[in-house]
Amino acid sequence: MNTAKNKLIYTLGFLGLIPFIVSSLAELMQVESLFGIQPLKLLITYGAIILTFLGGVLWGRALHRAESEPTNALLVLSNAFAILAWLTLLLDSSAWSLGLQMAGFAILLFFEQKLARSSAMTSYMGYYRIRLILTSAVIVCELLVFGNHVL
């Protein structure tokens, strides 16, 4: 992958952390609203969107590899993560929503790395390095807020 594209991937990935960091910090600092919305709601809705987006990456890889590899599992997993993300928006419990999102992000990363080893995903391993960093940061943000609501 060329350097300019690699730089763009890293830049967009880390910019995508900003809503997680800002909404988590605002929630922990007991800020009542950001842009007229409760920080916890911002965190959960943004988390659901990103979990769905990352699940969509599996769908894209399945379409890309459909002729050369079996990809039914990728298609099913993609939809499972979208439904999980949607469910986190429907729950009345922020603790459950955050817990399910954290689990979803971790499981999605696990499947992506497992699929990479079996060549069902891109062999560009730099992607998985950045995914590990970004996923860890997201889980830490959500875990801090989760701990604040459960404890």
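Helices here are DSSP runs of H or I with at least four residues, numbered from the N terminus. With that in hand, Ser97 can be placed in helix α5. Please keep in mind that this is a predicted model. The briefing below starts with a pocket that Ser97 helps to line, then turns to an aromatic cluster that includes Phe105 and to the largest nonpolar core.

**The second largest pocket**

- The second largest pocket holds about 150 Å³ of space.
- Helices α3 (39–65), α4 (72–90) and α5 (94–117) are the elements that each give two or more residues to its lining.
- Helix α3 contributes the most to this lining, with four residues.
- Sorted by class, the lining has six polar, four nonpolar and two charged residues.
- Among the lining residues are Gln38, Lys41, Thr45, Leu89, Asp92, Ser93 and Ser94.

**Ser97, a lining residue**

- Ser97 has a relative accessible area of 1%, and since buried means under 20%, Ser97 counts as buried.
- Leaving aside residues up to four places away in sequence, Ser97 touches Ile44, Thr88 and Leu91.
- Ile44, Thr88 and Leu91 also appear in the lining of the second largest pocket, as does Ser97 itself.

**Aromatic pairs**

- The model has four aromatic pairs.
- One of them joins Phe20 and Tyr46, with 4.9 Å from centre to centre and 65 degrees between the planes, which is an edge-to-face arrangement.
- Phe20 sits in helix α2 (residues 18–28) and Tyr46 in helix α3, so this pair ties together parts that lie 26 residues apart in sequence.
- Phe20 and Tyr46 belong to one aromatic cluster with Phe105.
- At 2% relative accessibility, Phe20 is under the 20% cut-off and therefore counts as buried.

**The largest nonpolar core**

- In soluble globular proteins, nonpolar side chains tend to be buried together.
- The largest nonpolar core in this model has 27 residues, and Phe20, Leu58 and Phe105 are those with the most contacts inside it.
- Helices α3, α4, α5 and α6 (126–150) are the elements that give two or more residues to this core.
- Helix α3 gives the most to the core, with ten residues.
- Beyond residues up to four places away in sequence, Phe105 touches Phe20, Gly47, Ile50, Leu51, Leu54, Thr135, Val138, Ile139 and Glu142.

**Threads to follow in the structure**

- Helix α3 is the top contributor both to the lining of the second largest pocket and to the largest nonpolar core.
- Phe20 and Phe105 are members of the aromatic cluster and also have, along with Leu58, the most contacts inside the core.

Key. Residues are numbered from 1 along each chain as its sequence is written. This is a predicted model: local features need pLDDT of at least 70, side-chain atom pairs count only at pLDDT 80 or more; totals for chains, interfaces and linings use all residues. Side-chain values use heavy atoms; hydrogens and water are left out. On a 1 Å grid over the protein atoms alone, a cavity is a set of points where a 1.4 Å probe fits but cannot get out, and a pocket is an open set with protein on both sides within 12 Å along at least five of seven lines; lining residues have an atom within 4 Å of a point. Grid points are joined across faces, edges and corners, and a volume is the space filled by probe spheres set on the points. Ala, Val, Leu, Ile, Met, Phe, Trp, Tyr, Cys and Pro count as nonpolar, Asp, Glu, Lys and Arg as charged, and the others, Gly among them, as polar. Rings of Phe, Tyr and Trp (its six-membered ring) pair if their centres lie within 6.5 Å; planes under 30 degrees apart count as stacked, over 60 as edge-to-face and the rest as tilted. Buried means under 20% relative accessible area, exposed over 50%, partly exposed in between (1.4 Å probe, protein chains only). A nonpolar core is a set of buried Ala, Val, Leu, Ile, Met, Phe, Trp, Tyr and Cys residues joined through side-chain atoms within 4.5 Å. Contact means heavy atoms within 4.5 Å.
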